[in-house]
Amino acid sequence: MFHILVVDDDKNTRKLMRAVLEAENYTVSTASNGEEALNTLDREYIDLIVLDVMMPRMDGYTFTETLRQNGNDLPVLMVSAKQLPTDRRQAFVSGTDDYMTKPIDEQEMLLRIKALLRRAKISTERRIEFADISLDYDSMTVSRGEEKVVLPQKEFLLLYKLLSYPGKIFTRIQLMDEIWGTDTDTGWETVTVHIGRLRKHFESWDEFRIESVRGLGYRAVKNE
């Protein structure tokens, strides 16, 4: 469910990173430089960035500085062949959250990613719990006390995404890319249909609601 953006100018590194991360059930997008990464952020909702330093057009330092100057606090794990203390200092001054040197240890990278997601207050337990509500990712169920609703996969994933980030606005395109994939032939209108079904399922549940934000998209609001 968590969407990671890998930014590296080396095609083989991007391919390796994608394979490692997808094996851990992360959704992965890639970019070859900082400018391309910024364009990706405009189109897709990203949870964490794994970032190379030395890249053409816009390097990792400049990209991270640009991100922070625009108020974006996405977790960034910088990965670089640069090993001097001055390089690390420059990375952290630019705004990165963590720093690894190449060649990377894949398991260590995965542990660092999980730690960064925890620090960003993103649940990695495949379960969301609040008030008397529980969403179980593995069984695709939403429970309230003794009441249990089993949802179709797309509806559950949509609700899980919204409730993972209460108050955050997601555009229909972002939700479409996240839940149905960027290669789907289905139109974004299907998001509206699925939102309608979710509202119908939970219209009597006062613990949360799904709001439409005119001209933007949708957000979930918890009533705790």
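The exercises below walk through the sheet, hairpins, loops and helix contacts of one predicted model.

This is a predicted model: local features need pLDDT of at least 70, side-chain atom pairs count only at pLDDT 80 or more, and totals for chains, interfaces and linings use all residues. Residues are numbered from 1 along each chain as its sequence is written, and side-chain values use heavy atoms, without hydrogens or water.

**Exercise 1. The open sheet**

Task: In what order do the 5 strands of the open sheet stand, and which are the edge strands?

Solution:
- Step 1. Fix the terms. Strands (E, at least two residues) and helices (H or I, at least four) are DSSP runs, numbered from the N terminus. Two strands pair if DSSP finds at least two bridges between them.
- Step 2. Read the order. It is β2-β1-β3-β4-β5, with parallel pairing.
- Step 3. Find the edges. β2 (27-31) and β5 (98-101) each pair on one side only.
- Step 4. Add the twist. From one strand to the next, it averages 20°.
- Step 5. Check one pair. β1 (residues 3-7) and β3 (residues 48-52) share 4 bridges in the parallel sense. Here V7 stands opposite L51 of β3.
- Step 6. Place a helix. α1 (residues 11-22) lies across β1, β2 and β3, and runs at about 170° to β2. Angles run from 0 to 180 degrees between N-to-C directions, and axes are lines fitted to C-alpha atoms, for helices over the stretch in contact.

**Exercise 2. Two hairpins**

Task: How many residues lie between the strands of each hairpin, β7 with β8 and β8 with β9?

Solution:
- Step 1. Take β7 (133-136) and β8 (141-144). They pair in the antiparallel sense over 4 bridges. L135 has V142 in β8 as its bridge partner.
- Step 2. Look at the link. This hairpin has 4 residues between the strands, and M140 takes a positive phi near 60° in it.
- Step 3. Move on to β9 (residues 147-150). Its 4 bridges to β8 are antiparallel too. R144 stands opposite E147 in β9.
- Step 4. Look at the second link. It has 2 residues between the strands, and G145 in the turn has a positive phi of about 60°.

**Exercise 3. Backbone details in loops**

Task: R57 and M140 are not glycines but have a positive phi. Which is buried and which is exposed?

Solution:
- Step 1. Locate R57. It is in the loop between β3 and α3 (60-69), with phi near 70°.
- Step 2. Apply the cut-offs: buried is under 20% relative accessible area, exposed over 50%, partly exposed in between (1.4 Å probe, protein chains only). At 65%, R57 is exposed.
- Step 3. Turn to M140. At 17%, M140 is buried.
- Step 4. Add one more loop. P103 is found between β5 and α5 (106-119). A cis peptide bond joins K102 to P103, with omega about -5°.

**Exercise 4. Three helices**

Task: How do α6, α7 and α8 cross?

Solution:
- Step 1. Start with α6 (residues 153-164) and α7 (residues 172-180). Their axes come within 10 Å and cross at roughly 125°.
- Step 2. Classify the angle. Under 35 degrees counts as roughly parallel, over 145 as roughly antiparallel, 65 to 115 as roughly perpendicular, and the rest as oblique. α6 and α7 are therefore oblique to each other.
- Step 3. Name the hand. α6 passes α7 in a right-handed crossing. (The near helix is turned clockwise from the far one by less than a right angle; anticlockwise would be left-handed.)
- Step 4. List the contact, meaning heavy atoms within 4.5 Å. K154, L157, L158, K161 and L162 of α6 meet L175, E178, I179 and W180 of α7. By class, this contact has 6 nonpolar, no polar and 3 charged residues. (Ala, Val, Leu, Ile, Met, Phe, Trp, Tyr, Cys and Pro count as nonpolar, Asp, Glu, Lys and Arg as charged, the others, Gly among them, as polar.)
- Step 5. Go on to α7 and α8 (residues 189-201). Their axes come within 9 Å and cross at roughly 85°. That makes α7 roughly perpendicular to α8.
- Step 6. List this contact. R172, L175, M176 and W180 of α7 meet T190, V191, T192 and H194 of α8. They divide into 4 nonpolar, 3 polar and 1 charged.

**Exercise 5. One residue in α6**

Task: Is L158 buried or exposed, and which residues does L158 contact?

Solution:
- Step 1. L158 is in helix α6. Its relative accessibility is 0%, so L158 counts as buried.
- Step 2. Leave aside neighbours within four places in sequence. L158 then contacts L175, I179, V191, H194, I195 and L198.
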